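Me: I am new to this structure and would like a close look at one part of it. Please walk me through the salt bridges, then their surroundings.

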Amino acid sequence: MNITIENIILIGSVLLLISIIAGKTSYRFGIPTLLLFLTIGMLAGSDGIGGIYFDNPQIAQFIGVVSLNFILFSGGLDTSWSSVKPVLKEGIALSTIGVLLTALGLGYFVYLITDFSLYESLLLGAIVSSTDAAAVFSILRGKNLALKKNLRPTLELESGSNDPMAYVLTIAFLSLVQNPEKGIFSIITLFLLQMAIGGVAGFLFGKLSKFVINRIKLDFEGLYPVLTISLMFITFSFTDAIGGNGFLAIYICSVFLGNQNLIHKNTIMRMFDGLAWLMQIVLFLTLGLLVFPFQMIPFIGIGLLISIFLILVARPLAVFISLIPFKMKLRRRFYISWVGLRGAVPIVFATYPLLAGIDKANIIFNIVFFVSLTSVLIQGTTLSLVAKWLNVGLPDNAKPLSPTDELLAEHPKTIMKEIILKENSNVIGLKIVDLKFPKNAIIAMIEREGNYLTPNGSTELQVNDKLVVLTDKHEILDNVYASLQLEKA
């Protein structure tokens, strides 16, 4: 079956429905949903029972880039700075040195066991060098896995921030395959420039996005997520246009926004959480359709060798070497090395050689697909088991809440306090979003001149407003009065 304008909506919606229904029961059998989505895509493809012919790497790459924007942005919004800050150095070391060492180690192994040139081998190593954000975010959160001693923020920080490094290495080694005379040291300038511009642009666009979201007055609450999506794409495309790394920029931008007070933040985070899942499903279905399973058969043997070396040698060595300067128990280092999940990102990066038209592009794509498939199958299904074996897991009741959990959870607020704003308060004229209001307290209602208002982040406070504040702890009231710059009554 060929995909046409007339049937693409029907095909897409049916595959999406099948994926969601199948994903609902997949975890009962310990199967990661992402693996299921990939399998459904393969079954629907030209070599499967669906017979849908799809062989367009350019469209697949476009869908991949768009999807990764949403996945990384959603992951950044859900990253708590207070939890990331203690492990920032470890996360950066893993996402830079760790990725580089993985690429070099695996690349040299490929060079030894295949007829690939050195640069072609390093290209393959670079493509599968990063831990996949989509796989890590969805599997850790889907399994509701609680881990000890900052392990989870370390893993999520690494997976969210290491794609830029792998992308730079992929583009650099692809360039060396096409132009071997350039020399390997030419990639250093490219790397430093992309990372520096991407980091600065991400922070600046984060501040700009906060200003725009909180200052623009939109008539409908539902437009705020749409505004945020437009700012996300502007951040990515502008950074890429000036020579920076767009993936790094949107991740830094989203981490900044996720730790700020935003108007209708609840709505924005709900929307992006749903869109991230949608993009993960669409991405894996698309990549499943793109592959021709029968073409992978000749490469199963070499793919299995590469996958085993990556999981048991290259990734653990890279983790242990990059974490040498830090104090960390051995079993935690082992677990970090085990959660080196490869997923959609390497497959998306494998489309770059296809579009560049290099000689071994199709071989590289099939090997990368097989490596990603085995990684999600072997590592993704054993995360809980290995966590228990290494004693790095926590009981479910001890699991810390993520920012999304805290924001979206409906906690009972049993303490109510009415607070009247007098003329001496410096918050008169400010919007609620501009207050340093405690996260575990809410302004449920405002009485103003005999009328009752349901406030939101854009509501401006006025003299003699009576605020009805709800919270669940008496000691939080001190922070409430401090945020309103009033003495406690």
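To start, what share of the contacts in the chain with a separation of 6 or more comes from residues 24 or more positions apart?

Reply: The share is 79%. Keep in mind that this is a predicted model. The chain has 489 residues, and 55% of them count as buried. Its secondary structure comes to 22 helices and 4 strands. About 22000 Å² of the chain is exposed, with 64% of that supplied by carbon and sulfur atoms.

Now the salt bridges. The structure holds 5 of them.

Begin with Lys360 and Glu120. Their side chains meet in a salt bridge, at 3.6 Å from N to O. Lys360 sits in the loop between helix H18 (351-356) and helix H19 (361-378), while Glu120 belongs to helix H6, so this pair ties together parts that are 240 residues apart in sequence. Both Lys360 and Glu120 are buried.

Stay with Glu120 for a moment. Its helix, H6, covers residues 118-127. Why does Glu120 count as buried? Because its relative accessible area is 10%, and the cut-off for buried is under 20%. The side chain of Glu120 also reaches the backbone nitrogen of Ser117, at 3.0 Å. Setting aside neighbours within four places in sequence, Glu120 is in contact with Val177, Lys360 and Ile364. The salt-bridge partner, Lys360, is thus one of the contacts of Glu120.

Follow the chain past H6. The loop between H6 and helix H7 (133-142) holds Ser130. Ser130 is buried, at a relative accessible area of 0%. The side chain of Ser130 makes a polar contact with the side chain of Asp163, at 3.3 Å. Not counting residues up to four places away in sequence, Ser130 touches Val99, Asn162, Asp163, Ala166, Leu341, Arg342 and Val345.

Next come Glu158 and Arg315. Their side chains meet in a salt bridge at 2.7 Å, N to O. This pair links distant parts of the chain: Glu158 is in helix H8 (residues 151-161) and Arg315 is in helix H15, 157 residues apart. Are these two residues buried or exposed? Glu158 is buried, with a relative accessible area of 1%. Arg315 counts as buried too, at 4% relative accessibility.

Helix H15 also has a surface side. Residues 300-322 make up this helix, and Val313 is found in it. Val313 counts as partly exposed because its relative accessibility is 31%. Val313 belongs to a nonpolar patch on the surface, together with Leu304, Ile308, Leu312, Leu317, Ile321 and Ile324. Together the patch residues have about 630 Å² of accessible area. One general point helps with reading such a helix. An α-helix has 3.6 residues a turn, so residues three or four places apart point the same way.

H8 and H15 come up again as cover for helix H16. H16 runs over residues 330-338, and its buried residues are Arg332, Arg333, Tyr335, Ile336, Ser337 and Trp338. What covers these buried residues? The cover includes helix H5 (88-113), H8, H15, H19 and helix H20 (383-389).

Turn to the strands. Asp465 forms a salt bridge with Arg448, and the closest N and O atoms are 2.7 Å apart. This pair also links distant parts of the chain: Asp465 lies in the loop between strand S3 (451-453) and strand S4 (466-471), and Arg448 lies in strand S2 (residues 441-448), 17 residues apart. Asp465 is buried, as is Arg448. In addition, Glu418, Glu447 and Lys466 are joined into one network by salt bridges that share partners.

The loop between S2 and S3 holds Glu449. Glu449 is exposed, at a relative accessible area of 75%. Its phi is positive, about 55°, although Glu449 is not a glycine.

His264 offers another positive phi in a residue other than glycine, near 55°. His264 is found in the loop between helix H12 (246-258) and helix H13 (265-290). His264 is buried, with a relative accessible area of 15%.

Finally, return to your opening question. Residues 24 or more positions apart account for 79% of the contacts with a separation of 6 or more. Glu158 and Arg315, 157 residues apart, are a pair that links distant parts of the chain.

Conventions. Residues numbered from 1 in each chain as written. Predicted model: local features only at pLDDT ≥ 70, side-chain atom pairs only at ≥ 80, totals over all residues. Heavy atoms only, no water. Patch = residues over 30% accessible without salt bridge, like charges linked within 9 Å, V, L, I, M, F, W, Y side chains within 5 Å. Areas by Shrake-Rupley, 256 points an atom, 1.4 Å probe, with all protein chains shown as cover. Salt bridge = Lys/Arg side-chain N within 4 Å of Asp/Glu carboxyl O. Helix = DSSP H or I, 4+ residues; strand = E, 2+ residues; numbered from the N terminus. Buried < 20%, exposed > 50% of the residue type's maximum accessible area, 1.4 Å probe, protein only. Polar contact = N/O pair within 3.5 Å; in protein donor to acceptor, adjacent residues only side chain to side chain. Contact = heavy atoms within 4.5 Å.
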